[in-house]
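Ready for some practice at reading a protein model? Keep the structure open beside you and try each exercise before you look at its solution.

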Amino acid sequence: MSGPENQIEKLERILEISRELTSTLALGPLLSKIVDTAAQLTVSEDASILLRDARTGELRFRTATGEKSEQLADIPVPVEGSIAGEVMKSGEPMIVTDAQQDPRHFGGVAQQIGSETRSLLAVPMLIRDRCIGVLEVLNKKGDLPFGQDDVDALKTLAAQAAVAIENTRLIGALRTAYKRLGELDKLKSDFISIASHELRTPLSLILLYAAVLQEQMGGSGAGEIDAVLRAATRLKHIIETMLNLRYLETGQMDLIPHRFDLRTEVQSACEDYQALAETGGVILKATLPDEEMPIYADQEKIRVVVDNLISNAVKFTPAGGQVRVALRSRGDDLEFSVADTGVGIPQEELERIFERFYQVEDHMTRRQGGMGLGLSIVRGLVDLHGGRVWAESVPDQGSRFVVLLPPYAAEKLAESRSPLSVD
Ligand code: ADP
């Protein structure tokens with residue numbers, strides 16, 4: 001029998017191994033460590049681990065001490081009519097002093113690997129009430145019987161081992177899912193890129209010939225050609241949005257900055273959206289400064305920002321409402337804002353709407369069209385210009401989107417790299 005000093009030593013060893021177990025992330029080495037420690041702690045010839053297959057409920061040998069490990073790998077052990085199966089079902093440890101005489105001893109394994117089991121101690125590996133497997137030690141050295149000390153030591157080790165095994169499994173599953181997600185993301189990006197490039201050429205032809213036809217036909221059929229032109233222009237916009245997203249995501253978005261008057265650009269965008277606003281019964285007004293608002297930036301991309309915010313405001317404002325566009329200096333920055341009296345955005349969604357594909361209303365039930373990409377592109381472009389964009393809102397009363405742009409940030413970027421590309 002072992003004395004209290006021996007017990008303390010064992011506990012210290014378990015504590016030490018528990019630290020090691022929690023820092024081992026690969027399942028194979030982790031299982032080997034567990035069986036080696038189990039055999040050492042109980043002074044046994046061999047030790048092995050059987051894990052429960054979560055899908056089939058079956059027990060399978062996963063590892064054992066020494067050379068037997070490979071021979072044992074993946075041998076299934078029936079849950080009914082085996083000692084490990086009993087331990088798994090009852091959740092209680094079991095000592096067998098004479099395995100050969102015990103009817104529950106599963107002789108199949110010994111036969112396969114040519115070793116004989118005389119005595120055996122098996123403990124469940126429990127996580128709360130769930131048994132994930134069984135830890136077994138075989139043949140205590142000196143032909144001694146397994147005692148309560150062995151049971152206690154092995155139970156403690158099994159509990160630590162169960163948590164460590166479950167952690168590595170979860171980490172493994174997480175890694176696989178993450179890898180898969182990366183692959184899917186790449187697939188999606190490649191698809192967007194190929195599809196949009198392939199669509200661009202035929203679409204340009206449609207737009208070109210529709211415009212030529214419109215000119216040639218004069219009055220007759222003008223309505224129909226107009227519809228073709230509008231639909232094709234809308235498609236072009238969708239393709240450009242997808243391409244912008246792809247370039248922003250892959251860091252391939254190049255800025256081609258130059259100096260221009262932001263006031264003129266905002267004015268021109270408001271004029272473009274005037275007709276759409278009127279059709280929807282919305283009043284669109286701009287409050288612009290008298291003086292120029294010079295900015296050194298990529299004019300086309302800033303226009304994408306301005307267009308998206310005005311178009312959203314018009315889209316999410318019911319008839320009878322108002323959209324107010326404003327531009328002013330604010331400290332060293334230029335502040336462009338679009339306020340509407342529309343449906344508004346719940347407080348908890350104010351940041352999420354800038355995420356890709358995020359839409360407050362469910363895509364299938366929403367009344368408004370759109371892909372949920374506009375704001376993520378707006379944020380990406382504003383970031384590239386060293387600015388900030390955010391949303392404020394009172395649900396059911398309206399929203400206000402604010403863009404702060406440092407007028408010369410792009411110039412500084414351009415000085416450090418020429419031509420300016422951001423990656
Ligand atoms: P889309 O407009 O194509 O759905 P966006 O990225 O431009 O995509 O906008 C994301 C979501 O943010 C919209 O679907 C809408 O739910 C919300 N949103 C954007 N602008 C407004 C606004 N002015 N008023 C209310 N909700 C808005």
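A polar contact is a pair of N or O atoms within 3.5 Å; within protein, one of the two must be able to donate a hydrogen and the other to accept it. Please keep in mind that this is a predicted model.

**Exercise 1. Lys140**

Task: Find the element that holds Lys140, decide whether Lys140 is buried or exposed, and say which backbone oxygen its side chain reaches.

Solution:
- Step 1. Start with the location: Lys140 belongs to strand E6.
- Step 2. Buried means under 20% relative accessible area. The value for Lys140 is 10%, so this lysine counts as buried.
- Step 3. Follow the side chain, and you arrive at the backbone oxygen of Thr42 at 3.0 Å. That distance fits within the 3.5 Å cut-off for a polar contact.
- Step 4. Look at the wider surroundings, setting aside neighbours within four places in sequence: Lys140 is in contact with Thr42, Val43, Ser44, Ser119, Pro145, Phe146 and Asp150.

**Exercise 2. The second largest pocket**

Task: Give the volume of the second largest pocket, name the elements that give two or more residues to its lining, and describe the kinds of residue found there.

Solution:
- Step 1. The volume of this pocket is about 290 Å³.
- Step 2. Its lining is made of 13 residues, and those closest to the centre are Arg52, Asp53, Ala54, Arg55 and Arg169.
- Step 3. Two or more residues come from each of strand E1 (44-52), strand E2 (59-64), strand E6 (130-140) and helix H6 (148-217). E6 gives the most, with three residues.
- Step 4. Sort the lining by kind, and you get nine charged residues, four nonpolar and no polar.

**Exercise 3. Helix H4 and its ends**

Task: Work out which residues of helix H4 are buried, what they pack against, and which residue caps the N-terminal end.

Solution:
- Step 1. H4 covers residues 83-90, and its buried residues are Ile83, Ala84, Gly85, Val87 and Met88.
- Step 2. These buried residues pack against E1, E2, strand E4 (94-96), strand E5 (120-127) and E6.
- Step 3. At the N-terminal end the cap is Ser82, with a side-chain oxygen 2.9 Å from the backbone nitrogen of Gly85.
- Step 4. Just after the helix comes Gly91, with a positive phi of about 70°.

**Exercise 4. Two loop residues with positive phi**

Task: For Arg128 and Asp396, find the phi value, the loop and the exposure.

Solution:
- Step 1. Recall the background: most residues other than glycine have a negative phi.
- Step 2. Arg128 has a positive phi, near 50°. Its loop runs between E5 and E6.
- Step 3. Exposed means over 50% relative accessible area. With 76%, Arg128 therefore counts as exposed.
- Step 4. Asp396 also has a positive phi, near 70°. Asp396 sits in the loop between strand E12 (388-394) and strand E13 (398-405), and its 70% relative accessible area makes it exposed.

**Exercise 5. Gln274**

Task: Place Gln274 in its helix, classify its exposure, and find a backbone oxygen that lies by its side chain.

Solution:
- Step 1. Gln274 is part of helix H8, residues 262-279.
- Step 2. Its relative accessible area is 27%, so Gln274 is partly exposed.
- Step 3. A polar atom of the Gln274 side chain lies 3.4 Å from the backbone oxygen of Leu284.
- Step 4. Check Lys285 as well: Gln274 and Lys285 are 11 residues apart in sequence, with their C-alpha atoms 8.8 Å apart.

**Exercise 6. The ligand**

Task: How many residues surround the ligand, and which polar distances can you list for Lys315, Gly372 and Leu375?

Solution:
- Step 1. The ligand is surrounded by 21 residues, the closest being Asn312, Lys315, Asp340, Gln359 and Leu375.
- Step 2. From the side chain of Lys315, an N or O atom lies 2.9 Å from an oxygen atom of the ligand.
- Step 3. Two backbones take part too: an N or O atom of Gly372 is 2.9 Å from a ligand oxygen, and a polar backbone atom of Leu375 is 2.8 Å from a ligand oxygen.

Note on methods. Residues numbered from 1 in each chain as written. Predicted model: local features only at pLDDT ≥ 70, side-chain atom pairs only at ≥ 80, totals over all residues. Heavy atoms only, no water. 1 Å grid on protein atoms, 1.4 Å probe; cavity = no way out; pocket = protein on both sides within 12 Å on 5 of 7 lines; lining within 4 Å. Points joined across faces, edges and corners; volume = space filled by probe spheres on them. Helix = DSSP H or I, 4+ residues; strand = E, 2+ residues; numbered from the N terminus. Nonpolar A, V, L, I, M, F, W, Y, C, P; charged D, E, K, R; others polar. Buried < 20%, exposed > 50% of the residue type's maximum accessible area, 1.4 Å probe, protein only. Contact = heavy atoms within 4.5 Å. Near = heavy atom within 4 Å.
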